[in-house]
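Here are a few notes to read alongside the model, written for someone opening it for the first time. Have the structure up on screen as you go.

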Amino acid sequence: MTRSDAPRKIRGQVEYGADLSRPGMLWGALVPAPIAHGRIVRLDLKRARGLPGVVAVVGPKEAQALLPKGGGDPERPLFPTSEIAYAGQPVAAVAAETLAAAHAAARAVSVATEPSPVQLEIDAIFPEWPGAEARNSPFVTAHVHAKSGDVEAELGSADLLHSEIYRTSGVVQMALEPHACLAEVAKGEWFVRTSTQTPFGVREDAAGILGIPESTLRVEGTWVGGGFGGKGAALLEPFALVLAAATERPVKLTLSYPEEFRLARSTMPAVVRMETAVRRGEITARRVRMLLDTGASLPGRDFATGYAIGFLLGPYRVGTFELEGYALRTNKPPFGPHRAPFAPQCAFIAESHLDGLARKLGVDPVAFRWKLAWTEGVTTPLGQRVGPFGLPAALAKARTLVDEWRRSLPSGHGIGVGCGFWSTNTGAGGEARLRLTPSELVIEEAEWEIGSGSVVEGLVAVAARVTGLPAQAIRVQPQDTDHAPFDSGVFGSRTVGALGQAVQRAAEKLLKALADRVKVHSTPHLELSDGGIEMVQGKSHHRVESLFTAAERKAGGIVAEGRHYGAGGKIDERRVLDGTFYPYTDFTASVHVAQVDVDRETGQVRVVRSAAFLDAGVLIDRPGARAQAEGAYAMGLGTALTEETMWTPDGRLANPNLLDYRVPTSGEVPPLAVEFIEGFPGAGPFGAKGIGEPPIIPIPAAIANAVADATGARVYELPLTPERVARALKLL
Amino acid sequence: MDLHAIPEDERLLDTLRWRLGLRGTKDGCRSGGCGACTVWVDGRSVLSCLTLAHELEGGSVQTIETIDSDPTGHRVVEAFEAEDAVQCGYCTPGFVMAIAGLLKERPHEPELSGVLENLEGNLCRCTGYAAIARAVERARRGAP
């Protein structure tokens, strides 16, 4: 089994955004704001302009002159005109003949500033849970609030109130390929090729930021060297486009790794208060209160809050509950999605809390959760009906495994279990166009492969399953935004689940159109023979070419389009008091079991082995699904144990490099057993569920629970660094 | 090539990618932390981001573009294909160069873990190293 893109990738033959090149190309660089908060008093571009090889230096005034309407959305200025919102915020950009000349020019721009107080810690904004004063707070960018039943009364009358505060840290996507793009502007036509998870998203964002009509901007993807959520919305493209407009030459812009750490929208730290009321051994009410640090994000970007907070109650039945969350603005860079945005952090909190409660009640933590777990047909706290859901089945397997591991558990080791759920984020829908030629089936769409295989393997597998053609007769041909039908992007584990449905419908339409031409009324399939592709129905074979109209023969094939509308469930709005909660589309369960060894002197946690039980619906690409589980494991270990953005008191990222921000290396990933829980179909083609994100969700939770099992001490903050574990063990 | 035309502070990585157009060698962290830019100089693995082109007077450089012409390199490439040890692929050429370089240097390394420990300078964010480890094991044993 070889992935179709593997031979070329292994030999270095595919072109990523970072590899793009054009004759006469200039190199761009960004000028970072030297402080995290304050006013720009003077921006002096003169010295930079005079340096050798420099072709253009563009600040806010120059950009205004270059853009047809002088700029775009005032909420998202290209460069800040007065107030700096975070350290490293681009305040100007340069283009030069070489990368070295561009960096020298960027350093030569002088930025005089008047600093203001820097807001970094969300605890400091509201030391107590915010009340009415939050309504007018300049720091609050979103508020969500939902409840059902009399929470106060239940909390007040509990015979056990389990109340805890948890914290999580910022995590960087750290794809190996940095963000990179190449822009060209001529005669009012704007064009950018970029390493992105969402070409249409970049078009919308970049056009909005620049104030140009979307119809004048063409975006084309490239092979993507890893995304993990970091290559979603526009980031570099507006800067590269404005530099191309200024110089009338192609401009390449690539982030350095330190810039990648600072600017590429890592995920959000949070503080969460968890309260659970118990009467006579049964949970009677739960209250979750979350403060989410969204950095210098803009108002209205509340999706993270309304989507993430639902994960904090976990995939469990609950009667009386209250959920309340605030998104808070700080002087950190704007934060963004990272593989299963915020769900691993939420699962760490939710699962630590319930595991601890089970231990307090003296019951088995796995059995405790199994009893509460959602099954098909139950209603979620926000009023959605749960579809086929493999959590109880996965937990039953996990329990058997835990018993087996316990029988030979070395002294000092512990075993923990984590559960999580996910929902394919279908986005705003999408379309795909299929072109059947005499010899191949081509899938024309906007998305480029980001690495998971969901485009080059997943979409092909869907088309193969509908048509009967072998994968080698099917090819994906990504197109730019002027030519491809609209699609939302490669994110939210949606590629196979949502875009795959568009491919499925297009393929079905194609077969029907062919069948109609020979008056076949049952569904035919396609076969690849020596002479080309044939339509087969019973014993009758037709070369597809012979069924083409004259126009189709001239155009090289027959075309069919399929569409998938972004589809979600419905929230019970009677439970919503404020803000927007986002419904989940379908329900995917993942369970992780980890065995750890904790060093009682240093607090160092070593994961010994792990097992993943994953409900992935009907598997479309089994090796690909296993690869996602294995990849998520290493990333989840990083989130659990080592990865954390750290800030200096004046608001600079203190560890923007691979030495101080530690991602797992090849010797640090212990063995993982993967088992798929089948029989719980999702909404995707043939019952597929998204698999890119769910496997990472329960990993930090399982490891934290294993540490508690090994030591009896609970760590309330991610990641579980030796220092935090040592504190929990009272060694420090 | 004539090294005199190249600025003294130019990294081998940039010479390969932008003067010679050999962009199969990947540009990652540029500070020796990710391994994506691994090439061979006189048959040994080096990080081209930390090597100045000027240091190579009289030396020979081999990159991923000609990997199939080296028997060990070809074996590693085939092992990567057989095990699907690639996702986004950005780290892959660097891994292939590093693994093949190591197997040439230590053809009789008895333990898989011995090879993997020496790959800690090569980062992969997609595969969790599991498929890469399977490819290393396959390449170590030779084609089945």
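The points below start with chain A as a whole and then turn to a pair of helices in chain B.

1. Before anything else, keep in mind that this is a predicted model. Everything that follows is computed from it.

2. Start with the make-up of chain A. You'll find 20 helices and 27 strands in it. Its C-alpha atoms take up a box of roughly 80 × 80 × 50 Å along the principal axes.

3. How does the radius of gyration of chain A agree with that of a compact globule? For 732 residues, the globule value would be near 27 Å, and chain A has 27 Å, so the two agree.

4. Burial and contacts are worth a look too. Of the 732 residues in chain A, 58% are buried. Among the contacts in chain A with a separation of 6 or more, 81% join residues 24 or more positions apart.

5. Now move to chain B, where helix α2 (residues 71-83) packs with helix α3 (residues 92-105). Their axes lie 9 Å apart, at an angle of about 130°. An angle between 115 and 145 degrees counts as oblique, and α2(B) and α3(B) are therefore oblique to each other. Their crossing is right-handed.

6. Which residues meet there? From α2(B) come B:T72, B:G73, B:V76, B:V77 and B:F80, and they meet B:T92, B:V96, B:I99, B:A100, B:L103 and B:K104 of α3(B). By type, the residues of this contact divide into 7 nonpolar, 3 polar and 1 charged.

How values were computed. Residues are numbered from 1 along each chain as its sequence is written. Chains are lettered from A and ligands numbered from 1 in the order in which they are written. This is a predicted model: local features need pLDDT of at least 70, side-chain atom pairs count only at pLDDT 80 or more; totals for chains, interfaces and linings use all residues. Helices (H or I, at least four residues) and strands (E, at least two) are DSSP runs, numbered from the N terminus. The radius of gyration is taken over C-alpha atoms; the globule rule is 2.2 Å times the number of residues to the power 0.38. A residue is buried if 20 or more other C-beta atoms lie within 10 Å of its own, exposed if 12 or fewer, and partly exposed in between; C-beta atoms are placed from the backbone. Two residues are in contact if their C-beta atoms, placed from the backbone, lie within 7 Å. Axes are lines fitted to C-alpha atoms, for helices over the stretch in contact, and angles run from 0 to 180 degrees between N-to-C directions. Angles under 35 degrees count as roughly parallel, over 145 as roughly antiparallel, 65 to 115 as roughly perpendicular and the rest as oblique. A crossing is left-handed if the near helix is turned anticlockwise from the far one by less than a right angle, and right-handed if clockwise. Ala, Val, Leu, Ile, Met, Phe, Trp, Tyr, Cys and Pro count as nonpolar, Asp, Glu, Lys and Arg as charged, and the others, Gly among them, as polar.
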